[in-house]
Each structure stands twice: as C-alpha cells, then as structure tokens.
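This report is a guided reading for someone meeting the structure for the first time. Please keep the sequence and the model side by side while reading.

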Amino acid sequence: MHYFTNQFSTAVFSCLFAVLFTSVFAIAEDPAAWSANPDLVKKLSAKRSFNYDESKVPDYQLPDPLTMIDGTKVSSAQQWMTKRRPELLEQFRHLVYGRRPDTEYQVTFETTEEIENAFDGLANGRSMKAIITIDQRTYSFPFVVFTPNHATGKTPAVVAINNRYFIPLDKAVSEPDPYWPVKTLLQQGYASATFYTSHVDPDNKNDYADGIRAFFADGKPPTDDAWRSLSAWGWGASRVLDYLSTLPTVDANRVAVVGHSRGGKAAIWAAAEDERFAIAYSNNSGCGGAALSRRGYGETVKQITTVFPHWFTPQFAEYADRENELPIDQHETIALVAPRAVYVTSSDEDLWADPRGEYASLVAAAPVFELLGKTAIDEPTMPPLNRQRIVGQTGYHVRSGGHGLGQVDWDFFVEFMDSVLK
Ligand code: GCU
C-alpha cells in the first residue's frame, strides 16, 4: 500500500511537473500576437499625415450585419439569405461599388492560341478572348487558362485578377510569376485562369470611355449609382468563371477568386455579387477592401476616393472624414460572401492597408457565418507573424515583408483552399 502510494504520488508529481514544464516552455515558445513595428509606425507617421498610431484610432461601433435597416434582428439563415443579404448588397452597390447594368448581353469565347503539355506534360494552356455582345456592338478582353492533364475527376480552379500586368500564355510557361504561380497551382491539382484588370476597365480615372462600363452605357457618362472599376473587374472574373463552367474538367462549384490590393478589393466584391464563387481571397486589400473604414488607420476614405475616384461611387466620397456615419463597413462585404469561404491576408510592413483593420473585419463577419451554420475565425487577438489561422470558412495570415503577393501567401492560400474544397 505504502509502496503504491509512493508510486502514485511520484507519478502525480512527475505529471504535474511535465504539465508545468511544457506550459512554461510553451509560453516562452509561443510568439506574440502580431502588432505593428513601433519603429515603422514612427517612420511612417513622420513622413505622411495619416494615422499609423493605434492609440489614435477613434472609438467606433461597427454596424451589426445581423440587424436589418428597420432594426429587426436577423435570426435565421433564411432571413439572412432572402432579406438581409439582398438589402445589404443593395446598400454596398449604392454607397460603395455601384450597381452593375441590367442590360442584356451575350458572352462568347474564342481560343486564340494553345499550348499542349506545358510544364512537362502537366497541363494544357490556352489564350482566350471573352467577347461581349450587345446588339451589334462588341467588347472583348483576353484571359489565359491552364487545366491539369492528369486529374482524376473534375478539378477545382482559381481565377486570378491581376491589377499589375497581363501575363500572356508563353510568359506564364517560361517565367514563374508571383502574381500567378500557375505551375504550383497545377501541381496542387488546381486549374487556373488570369486576366488583367485594365483590359476589362482601364485603371485610370480619365479612361472611362475605353472600358466595359462605357461599352454597357453606350458611351454615356456613369450615373451616380452605376458600377465603378472595382465592380467591373469583379464582373470580368465572373465572365472567366462562365468560361471555366463550360469545361468538362473543371468543377465550377469549387472556384476561388483571388486578387491583390485593388485586385483584392475587387475579389471580395466579385464573390459578393456572384454567388458561384466558392472562395474569395483578398490579399493586402486595405481601404475599400477588407479593412474597416471606421478605424481611419493608414489609407482613409477621403484619400482613396480622391486619388481613385473611378473605383467607387461618389456616395462613398461623401463619407470622407465621417466614416463613423457610414451605414455599412467592410466586415459586411465579407459577410456577403458567407456561407462561402473568405481568406484575408496582410503584410507586416503594409500599414497603409491596416493589417489590424483587415483582421478585425474578418472577425466581425463571423456571426453571419455562424448563423448560417458554419464556423469562422472569431478570436479577437491577431495571430503571430507568419502563422496561419484557419477556422472553418475563414482564414488569415499576416506575412513578414511589405505590400505584395508572393509564394508564401500562395502556399498558405492553397492550404486554406484544400481545407475548404477538398
Ligand atoms: C494604392 C492604393 C491602395 C491600393 C494599392 C494597390 O496604394 O492607395 O488602396 O490597394 O494602391 O492596388 O496596390
């Protein structure tokens, strides 16, 4: 008995010791939640008259995505999908991105070039043209597609909105590009397509006449409510999805739309407008993208609507310096994508895009995912640098380095896609 007691207490003691030791060790090992580098904050604050100081973020209260305009609390998934979601979508159209035209049009696709067995037989590639026809008039924009050759069954796919340049077919094969790592995507079993934003709608406030918006409006200037460039780019992603849906090898129910920065703003909105997208990935999208406008951290509504008036309706500009009065905020664009999946990412040095505001926005959308029977990140503390966090339908990481989209981001994103789609 004595022997047993002794043995028992030794066992308890070593257990306790082990628990204590591992937790102390874990605390010591566990890196801290991300926060902005104080030296960088100081440097940026000295240089520009925007707020980078967390202590100067104003007090704000976010609009509750689950409260209707008339004050009714949304309590069922059905109420969200049939009442609240359409109402919120309309608010964002009017206040932020504009309303897409309801003019009837046809879209057809033309193959202009083909490469068989690219990447050592991994995939076939095609240069495509999307041709939009209204009456006798046409508008077209190019895109490039690769589909894997040896997939068993239909593959999921990625539509990459590229706001920097166009990647032609031959270049996609010969030069790996961080904005479209198509070979890696194919190796992971994803078909992929890309297009250049300015081919759909020129990214220049003076070039309206040359884009798809003017084409739809038959040359007339945009009304206050009409769609702006971010929405037009998202619309372009939907036309590429139209094409992917015609391919027998692609599973159109498992297509992600991806964009960086202004392309990331367009990606969330693309998925808000088009419920066929299974995932929206918004990388470093900041103001008018994932970041909460009310924080007034980094880029502001005033700044963005002044420099890029063609991205937003004039209504958004009216909230310059009074973000708190906006009836909506950006967490609700993420909520519009629910119950589908959303991946948001930030960069350590990209304070212009407000990493904390991007993360907080994702968390503030969680109640909508939860009402719809899904799980989502609802942990208010940010994850440490370079540590991915995935909970059900949402995922996030903040990567070291500056504004940009790189292999690390894609690798994390593929993990997220795999967990949601496979
Ligand atoms: C500018 C702009 C941002 C945008 C970025 C980009 O910095 O202010 O809102 O996201 O360009 O698209 O790279």
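## Asp354 and its loop

In this predicted model, Asp354 sits in the loop that runs between strand 8 and helix 14. Although Asp354 is not a glycine, its phi is positive, at about 55°. Most residues other than glycine have a negative phi. Asp354 has a relative accessibility of 1%, and because buried means under 20% relative accessible area, Asp354 counts as buried.

Asn284 can be read alongside Asp354, since Asn284 too is not a glycine and has a positive phi, here of about 50°. Asn284 belongs to the loop between strand 7 (279–283) and helix 11 (301–307), and at 1% relative accessibility Asn284 counts as buried.

## Helix 14 and what covers it

Helix 14 spans residues 355–364 and is mostly covered, with eight of its 10 residues buried. The buried residues of helix 14 are Pro355, Gly357, Glu358, Tyr359, Ser361, Leu362, Val363 and Ala364.

Which elements cover the buried residues of helix 14? The cover includes two helices, helix 13 (331–337) and helix 15 (366–371), together with strand 8 (341–347), strand 9 (389–391) and strand 10 (394–399).

## A cis peptide bond

Helix 13 and strand 8 are also the elements on either side of the loop that holds Pro339. The peptide bond joining Ala338 and Pro339 is cis, with omega at about 5°, whereas most peptide bonds are trans.

## The annotated domain

The unreviewed UniProt entry places a feature called "domain: 4-O-methyl-glucuronoyl methylesterase-like" at residues 134–373. Over residues 134–373 the chain is 35% helix and 21% strand, and the C-alpha atoms at the two ends are 41 Å apart.

## Two nonpolar cores

The largest nonpolar core contains 93 residues, and those with the most contacts inside it are Phe143, Phe195, Ile212, Val257, Phe277, Ile334 and Leu351. Helix 9 (residues 229–246) supplies the largest share of this core, namely nine residues. A second core, separate from the largest one, has 31 residues, among them Phe119, Ala172, Val414 and Met417.

Phe277 gives a closer view of the surroundings of one core residue: leaving aside its neighbours within four places in sequence, Phe277 is in contact with Val159, Ala237, Ser238, Leu241, Val255, Ala256, Val257, Ala270, Ala271 and Arg340.

## Helix 10 and its two partners

Helix 10 packs with helix 9 at an angle of about 65°, the two axes lying 8 Å apart, and helix 9 and helix 10 are therefore roughly perpendicular to each other. Helix 9 passes helix 10 in a right-handed crossing, where Leu230, Ser231, Trp233 and Gly234 of helix 9 meet Arg262, Lys265, Ala266, Trp269 and Ala270 of helix 10.

The axis of helix 10 (residues 262–273) also comes within 11 Å of the axis of helix 3 (residues 77–97), and the two cross at roughly 140°. That angle makes helix 3 oblique to helix 10, and the crossing of helix 3 past helix 10 is left-handed. On the side of helix 3 the contact is made by Arg85, Leu89, Phe92, Arg93 and Tyr97, and on the side of helix 10 by Trp269, Ala271, Ala272 and Glu273.

## Three further residues

Is Thr197, which belongs to helix 7 (residues 197–200), buried or exposed? Thr197 is buried, with a relative accessible area of 0%. Leaving aside its neighbours within four places in sequence, Thr197 is in contact with Ile161, Asn162, Asn163 and Trp233.

Val173, in helix 5 (residues 169–174), is partly exposed, with a relative accessible area of 30%. Apart from its neighbours within four places in sequence, Val173 is in contact with Ile115, Ala118, Phe119 and Phe146. Val173 and Phe146 are 27 residues apart in sequence, and their C-alpha atoms are 10.0 Å apart in space. Val307, which lies in helix 11, counts as partly exposed at 39% relative accessibility, and its C-alpha atom is separated by 8.8 Å from that of Lys205, 102 residues apart along the chain.

Methods. Residues numbered from 1 in each chain as written. Predicted model: local features only at pLDDT ≥ 70, side-chain atom pairs only at ≥ 80, totals over all residues. Heavy atoms only, no water. UniProt positions renumbered as here; feature names shortened; annotations may be inferred. Helix = DSSP H or I, 4+ residues; strand = E, 2+ residues; numbered from the N terminus. Core = buried A, V, L, I, M, F, W, Y, C linked by side-chain atoms within 4.5 Å. Buried < 20%, exposed > 50% of the residue type's maximum accessible area, 1.4 Å probe, protein only. Contact = heavy atoms within 4.5 Å. Axes fitted to C-alpha atoms, helices over the stretch in contact; angles between N-to-C directions. Parallel < 35°, antiparallel > 145°, perpendicular 65-115°, else oblique. Left-handed = near helix turned anticlockwise from the far one by under 90°.
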